[in-house]
Structures are given as C-alpha cells and as structure tokens.
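User: Could you walk me through a few local details of a protein model? I'm new to this, so please keep it simple.

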Amino acid sequence: MSHEAVLAEIRPKPLVVGEVSLGAVDDAVYAPMESKPPMVWWVALAFTSALMLLGFALIGYTFYEGIGVWGNNDPVFWGWDITNFVFWVGIGHAGTLISAVLFLFRQRWRNAIARLAEAMTIFAVMCAAIYPAIHVGRPWFAFWLFPYPNQRGMWINFNSPLAWDVFAVSTYFTVSLFFWYVGLIPDLASARDRATGKVQKAVFGALSLGWRGAARHWTHYEKAYMILAGLATPLVLSVHSIVSFDFATSVIPGWHTTIFPPYFVAGAVFSGFAMVVTVLVFVRKIMRLDHLITLDHMEVMNKVILTTGSIVGYAYGMEFFIAWYGGVPAEHYVFMNRATGPYAWAYWTMVSCNVIFPQLFWFRKIRRSIVAMFIISIFVNIGMWFERFVIIATSLHRDYLPSAWGYFRPTLVDMGIFAGTFGLFFTMILLFSRTLPVIATAELKAVLPGAQPGHGGHHE
Amino acid sequence: MSDRPFLVLGLFQDADKLVHGIRALKSTYGDKLEAYTPYPIHGIEKELGIPKSHVGKIVLALGLSGLTLALGFQSWVFTTDYQIQFGGKPYFSWASFVPIVFEVTVLLACIVGAVFGMLVLVNKLPHYSHPILSSRSMPKITRDRFALAVSVDTAEDAARAEAALRQAGAPETEVVHGTDEIGSGPLLPLKPVLATVIICVLAGLGTWHLQRLWNKLPLISIMDEQTKVLPFRANAFYPDGQSMRPLVPGTVSRSAEYAAWTTPEEAGQMLVNPLSADSLTLAKGRRGYETHCLVCHGQLGDGTKLLSDKYTGAPANLHQARLKEAPDGHLFAVVTAGKNTMAGYGKDIPAADRWAIVHYVRVLQRALDASDADVQAAQAVAAAAPVAQGGSH
C-alpha cells in the first residue's frame, strides 16, 4: 500500500457519499413509505409470509400433538429448539451493539445503520422467544416462568439460570423495543409532518407523541438516549452471558466451562453482524440507500466480523486446550468426540464457516466486495448456527453410559418451524422497511457536514 | 383554543445562523426564547441558558429501587416465604441473585426512568395540542429548518418579535396562535392513573372470564382425555366394562397368610398373641388403631363413629362384655377377615401390626373402666416420665 493509500485508509471518511442536503436525507429515507411497493417486494413478502405461516401451522401441530413430533429424545432433550433460541438471540445482539456500544464510542458511522440493526434485534428476539415458549410443551402456562403469587404457594427458583434467562431475555426485549422507539420518535414526527393520508397522519401523529423538536426536549432526550445506551451496553453483554449460563452452570462435560460467557457474547456479535450485512446488502440496493449506507459502512462491519470471528476461533482452540490441560477424562473425551465422532461433519462445518472464511476479510478487496461479503456473511450465519448445534448435540448425545448413547435427528417439523422463524424475521423486516424510516434521519442529519454550528462549510 | 398570539417563529437555514440568531435576541428576550430543530444542535442549550438535564437523577432513583426490590424480593422469598434447598446452596445465596437483580435494575432504570421519566415526567409528552404542531412551519422544522421561537402575549409583542427575528437574519417568520395549556380541571393529573386503573380492571376481568373457559378448550383440555386406564372407572375396552382387572382365579399373594381357622370363635381357640405388650408395640398398635379403626369405632372404642350418617353400619362397641372376654385370637380374626359389614384388613395391615392393634384394643378396654390401682400406677408413670410415650399405661 502506498503512503497516500494508508493515509486515505485512516482518515475519517465522510458518512454519506457526495453532497447530501438535510432535506434530501428525508426524501431518500421516506420515499419507500410514500410510494407503492415494487413487485419484488410483494413477491418477497408472499414468500416470507408463506414460510412464516408454515412455521405457525407447524407450531400449532406441535401444540396439538406434543413436542414428541420433534427430534428431541433421550439423551438429546435439547435439540433444534434451544439451538435456534440461542441462534436468534445471538443475531439480536448486533443491533444493540451497533446502537448502544458504538454510540458510546462515538462511532458516528453507526447512525446510518443503527435503526435497521435495532429493528433486527427486536425481530430476532421475537423469533428467539418463540422457542423456549413452545419447548415447554404447554405454552399457555408460560406465565409460570414469572414469579407471581399463586394458589400453589410456590415461587420460581431464583438460583436457576433458566429463571435468569427469563428475566434477561424479557428485559432485553423490552429495553431494545423502547430504545428503538425513543430513537424513532423524532423520525415519526417527520413522518407525521410529511404524511398526506389521513390515516398515516393520525397513526404517526399518535406515535410521535406530539414531538416538536424543542431544544429543551432535545436536551433531556439526548441525556436519556445516552443513559439508555449506557445501560443497554452491560445489558447486551449480560444477556448472552446468561444464555451461556444455561449451559455453563450445568455439570455436563462440554458445557461446564468458564470461557462460555465471553465466548458466547463474541459469537453473538459475530453472528449478528453477519446477519446485518446479509440484510443490508439487499436493503441498501433495493431501497436505493447506498449513498447513505455506504460501502465504507459495510467495510467497517466486515472488520467487526473479522475481529469477533477471530475471537470465536480463539475460543474454539482454547476449549480444546483446556480439555487437554484440565486433565478431566470425560471432558477430554467429549472434545475428541466433537472433532472426530459422529458429529464431526457439523463440527468442521462450524470451524470452516466461522474461523476460516471470515479470515478472507483481511483483504481490503474482499472487505469491499458486495458479492464476497454477502457470501461470507451467509457462511457465518450457517457456521454460527452450527456452533450452537454442536455445543448442544455433541455434549448430550453421548450420555455417561454407552447404553444411553443416541444420535439426534431433526424431524420435518423441526425444520419447518425453523424456516418459519426465518419467514417471521424477514416478513417483519419487509413490513418495517415500508412502514417506518429505515434510517434514523434525525441522527444522520446531525452528523452531515455542516450540520453542527462552528464547523464552517455548508452555507447556502 | 384561544386566538391570542402565542409564539413567533423565525426559520433559519442552518444551525450556525440559528446560533447567531439566538445570540442576537438573547439580551432582549432571555427566558422567552426556545429553539425548534430537526435534530439536536450541540451547544445550543448553553446559548439558550437551558439548565443541565436531571433525567440522570430519575434514572438513578429508579435503578436503585429496582436493585432494592429485586434483591429484597428474592431474599424474602428464599429466606422467609419459601425456604427450599437448591443444590446445597444457603437460603440467602446472594451471588445467584445477582443476574436477576441486574436485569430488574436495568429494566426499571431504562423503561421507567429513562423512557417514561424523560418523555412523560420531564418533557410532558404526549402533548398533541401544542399550537406549534399545527403551524405552517412544523413540517419545515422536522425537515431542514431551524426555528427560533419567542413567547409572546399580545399582537404588539408579536409584531416586535417578528421584526427582531427578521433583523437577526430569519428569512421567514410565522406567528402561532393558541395556548400550550393541556386543559384544566382537578381530574387532569389523575387521568392517566384512572385510565391505567380502568385498563387493569378490564384486563383482570377479561382474564378471569378467559381462564374459566380456558380449560374447556379442546387443545388445552387434551391432557385430561388420555386413553389410559384409571382405577375405579368405567372402561369400554374390557368386556366387563371396568377398568380394574379381577385377579386370575387361584392367584396367591406373596404375603398371603395361611389361616387354619374359619370363624373368630375358632381363631380365639387356636391363636395366641405372639407379641408382648411393651410400650413400643402399644405405640404401634395405637397408630394402627387410629389409622384404620378410629373412624368407625371411635377414639375410645365405644362405637361412636366419626363418619357421616351416610355410613349406615353400626360399628360394635368394643367395651361390651363379650368382647372383653373374647380371647386375642378372636379380635385378630375380626381384624383380619372382617365380620358382617366390617371388611377385613388382612390385605392392608401386616399380621404383626394387627396383633399390636389387638393389644391396643385391650388397653382401651381396660382404660375405660380402670380400677383405682390402675389410675395410681398410671399417675406414677406419668410423674416419672413427663413426656409419656403414646399408648403407655
């Protein structure tokens, strides 16, 4: 790389491509909400909602027949349901990370993608929350998970990581939802003022709470937003840590390790960013937002994928090292079995998808190639799903007595429900992209050149 | 809505010009200035003299209450209300309370503190009737214009403010009429509370009705309708229509006793109580009697049944002379095989316990018309061992 190229690399990049005026941001972002959706959108929606309905139908079937219609059976009682739960919760983490952690670190490039990433968080956590609820078999009793005074005179077990999970995931969902909503309020006000239809005006008007952009309001708003970001940051770290406690506090070899919390968090960020890249590749093109969600943004995200992917790779190695170094034969066996046993195919799929392919992002060309990043992001999604599957299935399928060994095979119902959550996720994304501003316009405007006083420039 | 002038807006094209405008008007209007902008402008709060936000304090207070609530609640449940050992941990195992304490702290701090506190308590939103919302300038403000607003009371004020704004460089101005009072009346602050109460009551009633329906829904009640065999129920599967199967003829129980006698009288001749009446045996006998016999024969064995009148049998008075004189074997045989309407207990009570019960029946018989010597002996025993064993005499 030449001297200039190095300088170009480290100099702060403009956050949008070309000269963009404040009004033009609005015009670009609100255009999809104000026009009729194109044919592709309808086709996509038909496809995703069909998947979603298939998933719901199969969930209904599960309720009717019982969870015996899944592949879960002795000794693998946690199958695809918990795998998918962890997978979807993990995906959600990118949104909070982008909106909260990067906000605290003053990474202003986040402003263009934060809204979409937060929306993804919410949708992903919705998909995730389905699984524990249907896994209990009788979901209409799901409220038993919460401590409420009851005739049975019982309380939930506060010492159980499964109870912690209930609190962590529901807190996470609520906070993400409100964080997202607070960010939306100024944009909803813009939408209200742009709206021409009566219904739109009423809906946006009600949702924007009568926001009027007063300087006094902004002062408190910014303070609250910063506090929310500050609290959401430890929250997001706690959520996947607690999810990992579901495994780590048990005494199953292969689960009982102290590396799980940080390893799960890194994995969550890794998979979440991959999903954000997957979705953004389409959204920015189809919605013509590539001058606002720039290639530079995508490149930075690929760097995060590279970093977290390397952390995850390190964790895989470290697990093996500790299994050997710790000298516990059961643990040693589990890990050897993971890499060479009946699930070796899943293990090596995971390793190649998560550790090997993302390393290609060391090359700038690949980091900036839409096709390459799309393919790698898909690989990461696959790999991270397999990571959860490998952790769950390989640790359980060889019980302590060889007579109790088994092999987990998913059923069509398992697969259909999983496909259904993808349907739900993308249906929500499609609906969101047409009904709400996908970019936080107020935030983006605030970082345009000349948007703040005293920066010179941008005088008409 | 009143028609008096309320605000005068001057629209600027960018943040720099807005700041210049504020500086120009600050000395004349001071507190009456407010800016309306599409996004937060940094440093503007200093120009306008807006004090630091106290949202942080609200959040802190809520966070601390979340912390106290969650820690206190979990401690109360596990140390006082619902003491259960989990994995050998102490009742107050604070470390495992931490995750939930943390989550609840964050939840209250964020949702109630930061979101509700900022929007509702501090910013007084929702506020749908603020006059600026229906002004011509509002769509421009949420898009790309920066408004400097002067609060005014009269038309003259408004004209003066308009001139000042124009002079400060605002190319566009607008006078907004109306008032920002949300309404009045003593009920106003209570309205949200009332609304919440009504919603809660409705939701509660709804749930109450729903849960009565709930268990009757086909999907939910499905577990009640299992195709398994329940004892003492009709069952169409078997030809005799009963769920319970009769024993195969000739079946002998592994614990079956061989009985050489046929009537209690015969048994009275043949059998001798193999147990000695020590206090342990009597305690056992008392237990057996109170478990199996008391409901019918009464606490004292006088035949005063505890059952309702629906039970029409007449349990014998065990103090009648015939039974007092009857040998132990007679009583044993009645307990084992039953008599007339009294069913036998041979299947339910092991033989040794039946003999112990017989001893206890003897105790009852003797106790009910005890001699003076018996009473004195009993008092002596009671004095020597204040905590008398049940069944001793």
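Analyst: Sure, what follows is a handful of questions and answers about this predicted model.

User: Which residues form the positive surface patch, and which of them lies in helix α8 of chain A?

Analyst: The patch brings together B:Lys46, B:Lys52, B:Lys57 and A:Lys223. Helix α8 of chain A covers residues 215-248. The patch member lying in that helix is A:Lys223.

User: Is B:Leu194 buried, partly exposed or exposed?

Analyst: B:Leu194 belongs to a nonpolar surface patch, along with others including B:Leu190 and B:Val193. Its place is in helix α7 of chain B, residues 191-214. Buried means under 20% relative accessible area and exposed means over 50%. B:Leu194 comes to 41%, so the label is partly exposed.

User: Is the pair of B:Phe237 and B:Tyr238 stacked or edge-to-face?

Analyst: Let's look at the angle between the ring planes. Under 30 degrees counts as stacked, and over 60 as edge-to-face. The planes of B:Phe237 and B:Tyr238 are at 85°, with the centres 5.1 Å apart, so this pair is edge-to-face.

User: What about B:Tyr289 and B:Tyr360: how many residues apart in sequence are the parts that this pair ties together?

Analyst: These two rings have centres 5.6 Å apart and planes at 55°, so the pair is tilted. Both B:Tyr289 and B:Tyr360 are buried. B:Tyr289 lies in helix α9 of chain B and B:Tyr360 in helix α12 of chain B, so the pair links parts whose separation in sequence is 71 residues.

User: Which residue does a cis peptide bond join to B:Leu125, and what is omega there?

Analyst: Most peptide bonds are trans. The one here is cis, and B:Leu125 is joined through it to B:Pro126. You'll find B:Pro126 in the loop between α4 and α5 of chain B. As for omega, the value is about -5°.

User: Where is A:Pro75, which follows a cis bond from A:Asp74?

Analyst: The peptide bond from A:Asp74 to A:Pro75 has omega near 0°, and it is cis. As for its place, A:Pro75 is in the loop between α3 (39-65) and α4 (80-104) of chain A.

User: What is the phi of B:Asn340, and is this residue buried or exposed?

Analyst: Most residues other than glycine have a negative phi. B:Asn340 is not a glycine, yet its phi is positive, at about 45°. This residue sits in the loop between β5 and β6 of chain B. With a relative accessible area of 75%, B:Asn340 is exposed.

How values were computed
Residues numbered from 1 in each chain as written. Chains lettered and ligands numbered in written order. Predicted model: local features only at pLDDT ≥ 70, side-chain atom pairs only at ≥ 80, totals over all residues. Heavy atoms only, no water. Patch = residues over 30% accessible without salt bridge, like charges linked within 9 Å, V, L, I, M, F, W, Y side chains within 5 Å. Areas by Shrake-Rupley, 256 points an atom, 1.4 Å probe, with all protein chains shown as cover. Salt bridge = Lys/Arg side-chain N within 4 Å of Asp/Glu carboxyl O. Lys, Arg positive; Asp, Glu negative; His and termini not counted. Charge placed at Lys NZ, Arg CZ, Asp CG, Glu CD. Helix = DSSP H or I, 4+ residues; strand = E, 2+ residues; numbered from the N terminus. Buried < 20%, exposed > 50% of the residue type's maximum accessible area, 1.4 Å probe, protein only. Phe/Tyr/Trp six-rings, centres within 6.5 Å; stacked < 30°, edge-to-face > 60°.
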